[in-house]
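Here are my notes on this one, as numbered points. Have the model open while you read.

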Amino acid sequence: MPVSRVACLYVPDLPLQALLRAQPELGAAPLVLTDGTGARARVLYRSTRAAQAGIARGAQVAAARAACAEVVVVPLSEKQVQAAGAALLDVAAALSPQVELGPSFVALEVGDLGRLYPSELAIAEALTKKAAEVGLLGRTAVAASKAVARVLARTASSTRTAISVRAGCEREALAPLPLSALEPPAEILELVTMWGLRTVADFAALSRGQVTVRLGRVGEALHRLCCGEDDTPLSPTPPPTEILEEQELLDSLESLEPLLFVLRGTLDRVVSRLRALGQSCGNFELRLQLEPGAGKALDRRAIAVAAPTRDIPALLALARLALESQPPPAAVRGVAIATTPVRPRPVQLSLFSPAGPLPERLAVTLGQLGALCGEGRVGQPQLLDSHLPGACGLSPFAPPPPTMEPPTTNSSAERAGPGAAASACLAAQILRPPRPVQVERRDGALLAISALASSAAAARGDLSGPIVHASGRYRLRGEPGAPRDYFDVELASGELLRLYHELTTDRWFIDARYD
Amino acid sequence: MFGSAAKEAPQTAVSIADLRRIISDQSPRQTREQPAFSTSLPNLDEALSGGLPRGKLLELQGGAGKMSFALLTLAAATRAGQLAAFIDAEDAFDAETAARAGVDLARLLWVRLPQAGERERGRDALRALDLLLAAGGFGLAVVYIDTVRSRLDVAWPRLVQRAERGGAAVLLCAEQPVAGSFAAATLRCAPGEAIWERVPGGRMLLRGRRLRIEVVRSRLGAPSGAEAVALRK
């Protein structure tokens, strides 16, 4: 059984990084995150440039503006912080199933990753790199326990992004740190400072029994941590069922192009999380938060993706088609994209079989065709369980993988097979909707067809005339609606038509032309 | 000078068909890497140098028989494992007949264009064709614009180029020519007599129709082929 080893990825100033992840264009500006809006709001987090400009934590916005005129003030967004936390969880879940998400950190069990990585330092480096790929810059430490790894990751210098402490050396690794780095309760820190203890090593040198007598259980736990003996287990966080990325907008958007620009960034974050998980994007939901007065506050659109993909232009094209076909009813104040990670569809290509379209490209093309033709008008024809001739439906186009093409021969007759021409089928051209006509009859025999003056057939004028041959009738029963008698007729002009007589209404229709 | 040429003409008289054959024999043939789709009609395949050529636009005109011929080609393409598309400007496709004709419906994309004016339908059909050719991966695209009777002002060179690049055979089915000289070959359907059969009881049954398909213009070879086929209902 592998020895338990815990990696802890710590992201300093997570709310600030969450904001920069959503709006990377703010990275160059002096930036502060506040606890509200208005001049009296307090600064919670500040960027390096803001700190250099003399803006202190806890200062009011008015004071921050006085210190630096070009400071960008943004109120803290809980949704952005939650999304960043979920992204951290995705990064960790890609390496281990045992993951605990905490404030500004994620801890995971890495004791059994020895076969995948050459060293624990490599694991730490990989975790830091994966976090950077989802837009979060952090530091990772690997140690025997969660608390030790977390302390080491938090207190490491910003240039040291990966730390590994060998098993049994935790006490030595913690020893030079100031005692405050372990974040003890304030009263205990004050007391031991009065005793003249400054570092972890100073406190660890005390007798545990004496510490317990004087400081109680809290002091004992602190002593155990100073000795690197923490045994608090990981408290696993359940993996998120969906990936949700949101973007609140400072100004409402009324036109499509700026909205697509925002969507591009949001999709970028979604795809980076999917990539961290090794998954792809299937169908996704686009949620638009609308300005008040539109009748509804949230506009939800389900966007179908033909094949799971991580291709951002393809996903953006689908979102564009959905928005173009049905623009939002009001200005947009915020956007969100939610999707469920889907396993990428493996495609086995062959040298000898015809190549089909790329799934991503096909999805976009189907979306474009859907926008051109309307909803439910593009897909794979489907035979319906119906007696009515011409009844067919459409299902989503999901072609089977290409098959091996049969070997070609020189003779087309051989290729077609014997009697292929003889088996050619007389096709019906379905008239949708059926064209109402008048039929002249005598003693049950059909004599002539004439178009109704108001119908489209009248304009065309070629589906009427005397009938020279007719066959029928074929009564169709069991259909919902009126029973019908079907006939095949040949007009004097040579046209072959299929007619039906609706018995309950005594009306005649042409429903197909043999073509 | 013109007079002397006119006098000489009867002595060197050649038919238009001979001239076409001579020109076609002398022009370089483009080699096709992918095999053409057989139309299942041997004479027609021979006239088209092997069948429906990949990467080319073909036009099929005529009054009746276009849908039946289109289904023949769709069946050939899907039987070969290719994806095919039916761009339906008339909303006239019948899945039941297609299945009976041997079309693998799982490999067929049916694009049902909304019913609009003649020009709009023609334009939308070719726009859909453009999108499909740009996507690539389709072996055959049939554009069924039966009632579009006017020449369509679209970027034909672009469509031809996309078809060439994607290696897709394109069959334009219209009553009148719409692509003109941009089509590599023009086929014409001439419907023949219907086949009726008298059954016991004196009643008549429609059994099918005769159809003649001929190549009236071709850059693929001499336009001399024709095929008579009996379509069975």
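1. Start at A:G228, just after α10(A): this glycine takes a positive phi of about 75 degrees. Keep in mind that we are looking at a predicted model.

2. The helix before that glycine deserves a look too. α10 of chain A covers residues 208-226, and its end C-alpha atoms are only 11 Å apart, where a straight helix of 19 residues would span 27 Å. There is a kink of about 140 degrees, centred on A:L215.

3. A:L215 is also one of the buried residues of α10(A), a list that includes A:V211, A:E220 and A:H223. What do the buried residues of α10(A) pack against? Their partners are α6 (146-155), α7 (170-174), α8 (186-194) and α9 (200-204), also in chain A.

4. Helix α6 turns up again in the salt bridges. A:K146 pairs with A:E100, with 2.9 Å between the closest N and O atoms. That pair ties helix α6 to strand β5 (residues 99-102), 46 residues apart in the chain. Are the two partners buried or exposed? A:K146 counts as buried because its relative accessible area is 14%, under the 20% cut-off, and A:E100 is buried as well, at 11%.

5. A:R150 of the helix meets A:E183 in another salt bridge, 4.0 Å from N to O. Here α6 is linked to the loop between α7 and α8, 33 residues apart. A:R150 is partly exposed at 26%, and A:E183 is partly exposed at 48%.

6. Now the chain A–chain B interface. It involves 63 residues of chain A and 69 of chain B, and about 5500 Å² is buried between the chains, 59% of it on carbon and sulfur atoms. Four salt bridges cross it, out of 39 found over all chains. In one salt bridge, B:D91 sits 3.6 Å from A:R432, taking the closest N and O atoms.

7. A:D488 and B:K233 also form a salt bridge, at 3.2 Å. This pair crosses between chains, from strand β18 (residues 484-491) of chain A to the segment after β8 (226-232) of chain B. A:D488 is buried, with a relative accessible area of 3%, while B:K233 is partly exposed at 39%.

8. Last, the packing in chain B. The largest nonpolar core has 58 residues, and B:L74 is among those that touch the most other members. Helix α4 (residues 66-79) of chain B gives the most to this core, with eight residues. Contacts of B:L74 include B:F86, B:V103, B:L108 and B:L140. A second, separate core of 37 residues includes B:L132 and B:W156.

Definitions and conventions: Residues numbered from 1 in each chain as written. Chains lettered and ligands numbered in written order. Predicted model: local features only at pLDDT ≥ 70, side-chain atom pairs only at ≥ 80, totals over all residues. Heavy atoms only, no water. Helix = DSSP H or I, 4+ residues; strand = E, 2+ residues; numbered from the N terminus. Expected span 1.5 Å × (residues − 1). Bend = angle between axes of the 7 residues up to and from the residue. Buried < 20%, exposed > 50% of the residue type's maximum accessible area, 1.4 Å probe, protein only. Contact = heavy atoms within 4.5 Å. Core = buried A, V, L, I, M, F, W, Y, C linked by side-chain atoms within 4.5 Å. Buried area = accessible area lost by both parts, 1.4 Å probe. Salt bridge = Lys/Arg side-chain N within 4 Å of Asp/Glu carboxyl O. Lists of a residue's contacts leave out its neighbours within four places in sequence.
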